[in-house]
Amino acid sequence: MKKDFFNGRRTFLKNAGKAALAMGFTNMAVAAVAQKSGYISAGNPVTGWQQSPMPYAYNALEPVIDATTMEIHYSKHASAYAKNMAEAARNENVATQNTSVEDILSGISKYSVKMRNNTGGHYNHELFWQLLRPAQAGNHPKGTLEAAIIRDFNSFEAFQKAFANAATTRFGSGWAWLVYSKSNNKLVIGSTPNQDNPLMDISEYKGAPVLGLDVWEHAYYLKYQNKRADYINGWWSIVNWDYAQKRFESARS
Ligand code: MN3
C-alpha cells in the first residue's frame, strides 16, 4: 500500500484514503484537497493543520536525542507553532477545510509574519519527526536516493560533509535541508533561517524537502549545549532513510 502510494499520481488518486492512513494523516479533508492540488505528486506530502501524534516514544531516539528534549520540543515548541498557526489562519481568513498547509507556504508572501513563522514551524516539525527513527548501526540511504546522492555529491561521505557544513554554518536558528529540484533533476543542499523552508515563495533556496534537520538550540541544547556539530554527527544514526526515500520518489514522480 505504501509502495503504491509513491508510485505516482494516478495510483495515488485511486488510493487517496488508504494513502492518508499510511501517512498518518489526521485530516482526511485536507488530504483530499492536496490530492486535487497535486502536492503529493509534486513531492510534498500533505501536512494536516493539527499536530500528528509522535510516531515513536519520547525516549526512542536515545542516546542521540534525550527524552526530555523530545518531550519539550514536541509538546511545547512544536505545539505552540500549531496553535499560533491556527490563530493566524483564523485571523487571516484561511479556509483550512479546503486549503493545505503546503498551499499557504507556497504563497506565504501574501500573509503575516506570524503566519510565516508558525506555518513554517508547524510544517518543518511535522516533517522532522517523520524523518527520525531509533538509532541503527550503519544507517545509510538505499535504492534510488542513494544512487542520486552519489550521482550529485560523488559519495555518501562527501554528501554528509556538505550537509553537516550547511547545518553547522547556519548562523543562529534555522534548518538544514536536502531538497530535490525537479526542474534540474538534482538534489541540492542548503539551509533556511528561523522557521522558513524551501517551499516558501520568499525563500531563495527552493525545492521539495527530502531531509530536514532542526538546528535551533531547543533541538539539542540540554544534551549538547553549544556543540551543534556533535548533535549533527549523532543525528546520522537516527535518520529515517526509508521515509526520505519515499519523499524523494514522490518528488520525482
Ligand atoms: Mn524545533
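Trainee: Why does His218 count as buried?

Mentor: This is a predicted model, so take the value as computed from that model. The relative accessibility of His218 is 18%, and buried means under 20%. Since 18% falls under that cut-off, His218 counts as buried.

Trainee: And His125, why is that one buried?

Mentor: Same test: His125 has a relative accessible area of 1%, and the limit is 20%. So His125 is buried too.

Trainee: What makes His125 and His218 donors of the manganese ion?

Mentor: Distance. The protein donors are His73 (NE2), His125 (NE2), Asp214 (OD) and His218 (NE2), lying 2.0 to 2.2 Å from the ion. A donor has to be an N, O or S atom within 2.8 Å of the metal, so these atoms qualify. Water is not among the atoms, so the site may look incomplete.

Trainee: How do you know that the pair His125 and His218 links distant parts of the chain?

Mentor: From their places. His125 sits in helix 7 (residues 113-130), while His218 is in the loop between strand 3 and helix 10, and the two are 93 residues apart. Along the chain, the donors follow the spacing H-x51-H-x88-D-x3-H.

Trainee: What does Gln195 have to do with His125?

Mentor: They touch. Leaving out residues up to four places away in sequence, Gln195 has a list of neighbours that includes His125, Asn124, Tyr81, Trp175 and Trp216. Gln195 itself is in the loop between strand 2 and strand 3.

Trainee: A loop residue, then. Is Gln195 buried or exposed?

Mentor: Buried: its relative accessibility is 2%, and under 20% is what the term requires.

Trainee: What makes the link between Gln195 and Trp175 a polar contact?

Mentor: The side chains of Gln195 and Trp175 come to 2.7 Å. The N or O atoms have to be within 3.5 Å, with one able to donate a hydrogen and the other to accept it, so the pair qualifies.

Trainee: Trp175 is in strand 1. Why is strand 1 called largely enclosed?

Mentor: Eight of the eight residues of strand 1 (residues 174-181) are buried, so the rest of the structure largely encloses it. Both faces are covered: Gly174, Ala176, Leu178 and Tyr180 are buried on one side, and Trp175, Trp177, Val179 and Ser181 on the other.

Trainee: How do you know that strand 1 and strand 2 pair?

Mentor: Count the bridges. Strand 1 and strand 2 (residues 186-193) are antiparallel over eight bridges, and at least two are needed for pairing. One register point: Tyr180 stands opposite Leu187 in strand 2. The hairpin has four residues between the strands, and Asn185 there takes a positive phi near 45 degrees.

Trainee: And what joins strand 1 to strand 3?

Mentor: Six bridges, again antiparallel, with strand 3 covering residues 208-214. Trp177 has Gly212 as its bridge partner, and Leu178 stands opposite Leu211. Strand 3 is largely enclosed as well, because seven of its seven residues are buried.

Trainee: What makes Asn93 and Gln225 odd?

Mentor: Most residues other than glycine have a negative phi. Asn93 has a positive phi of about 55 degrees, and Gln225 has one near 50 degrees. Asn93 lies in the loop between helix 5 and helix 6 (101-106), and Gln225 in the loop between helix 10 (221-224) and helix 11 (228-235).

Trainee: Why is Asn93 called exposed but Gln225 partly exposed?

Mentor: Exposed means over 50%, and partly exposed runs from there down to the 20% limit. Asn93 is at 70%, so it counts as exposed. Gln225 is at 31%, so it counts as partly exposed.

Trainee: What about the bond between Glu62 and Pro63?

Mentor: That peptide bond is cis, with omega about 5 degrees. Most peptide bonds are trans. Pro63 lies in the loop between helix 4 (28-37) and helix 5 (67-91).

Trainee: Last one: where should I be careful with the coordinates?

Mentor: The chain averages a pLDDT of 86, with 82% of the residues scoring at least 70. Over residues 1-44, though, the pLDDT is below 50, even with 81 contacts in the model beyond near neighbours in sequence. Where pLDDT is low, predicted coordinates should not be read in detail.

How values were computed: Residues numbered from 1 in each chain as written. Predicted model: local features only at pLDDT ≥ 70, side-chain atom pairs only at ≥ 80, totals over all residues. Heavy atoms only, no water. Buried < 20%, exposed > 50% of the residue type's maximum accessible area, 1.4 Å probe, protein only. pLDDT = per-residue confidence, 0-100. Contact = heavy atoms within 4.5 Å. Donors = N, O, S within 2.8 Å, 3.2 Å for Na, K, Ca; no water.
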